[in-house]
Amino acid sequence: MTDRQPPESMKDVASLLISSNMATPENIVPCTPREVEEVHEATGVEQLPKQYEDFLLTMGRRAGHLLHGTDFFYPSIVELADEMRELLEECGVTHLVQPGSVLLGMHQGGELYWMEPGEPSGAVFLYIENDDSPRRNWPSLRDFLITQTKEEQAIREKYNL
């Protein structure tokens, strides 16, 4: 995996998941165009970033073991849109998220991922409840997914999962 060229598209990320034994072709499940529209409506932004739309159309319902246990996939991201906004408000950190950002997902009710506006993808940030600033960031959604794949693969190998 380290000798390869980094994935350029979401289909390449899906291939990385398969080659890393993090997924099979059968458990990489895309959203339908109507489901992508539901996600778009829930985000409240004018337009979804291209990389995020590609993610949804490639693996928006499920991506094997990637982000397992994190509400990052359809339909939970639609169902949790208001809860994600509420977390930012309750913690008094709405200023951290730029206007036009897309709330991507939530982990255990206290960690929030979002993507800033940008084409084809803005930076992705992680906020952990009660922090004053984002804990971590990635240059793009693709970079975030590649990093998550590698980190989760290492954990699975370490614990023989």
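Me: Before we start, what do buried, exposed and partly exposed mean here?
Reply: Buried is under 20% relative accessible area and exposed is over 50%, with a 1.4 Å probe and protein chains only. What sits in between is called partly exposed.

Me: And what kind of model is this?
Reply: Residues are numbered from 1 along each chain as its sequence is written, and side-chain values use heavy atoms, leaving out hydrogens and water. Local features need pLDDT of at least 70, side-chain atom pairs count only at pLDDT 80 or more, and totals for chains, interfaces and linings use all residues, since this is a predicted model.

Me: How many salt bridges does a search of the whole structure find?
Reply: A salt bridge needs a side-chain nitrogen of Lys or Arg within 4 Å of a carboxyl oxygen of Asp or Glu. Searching the whole structure on that basis gives seven.

Me: Which residue meets Glu41 in a salt bridge?
Reply: The partner counts as partly exposed, because its relative accessibility is 48%. N to O is 3.7 Å, and the partner's name is Arg34.

Me: Where do Asp54 and Lys50 lie?
Reply: Their side chains meet in a salt bridge at 2.9 Å, N to O. Lys50 is partly exposed because its relative accessibility is 46%, and Asp54 is too, at 25%. They're four residues apart, about one turn, and both lie in helix H3 (residues 50–59; helices are DSSP runs of H or I, at least four residues, numbered from the N terminus).

Me: What is the distance between the closest N and O atoms of Asp143 and Arg142?
Reply: Asp143 is partly exposed, because its relative accessibility comes to 23%. Its salt bridge with Arg142 has those atoms apart by 3.6 Å.

Definitions and conventions
Helices (H or I, at least four residues) and strands (E, at least two) are DSSP runs, numbered from the N terminus.
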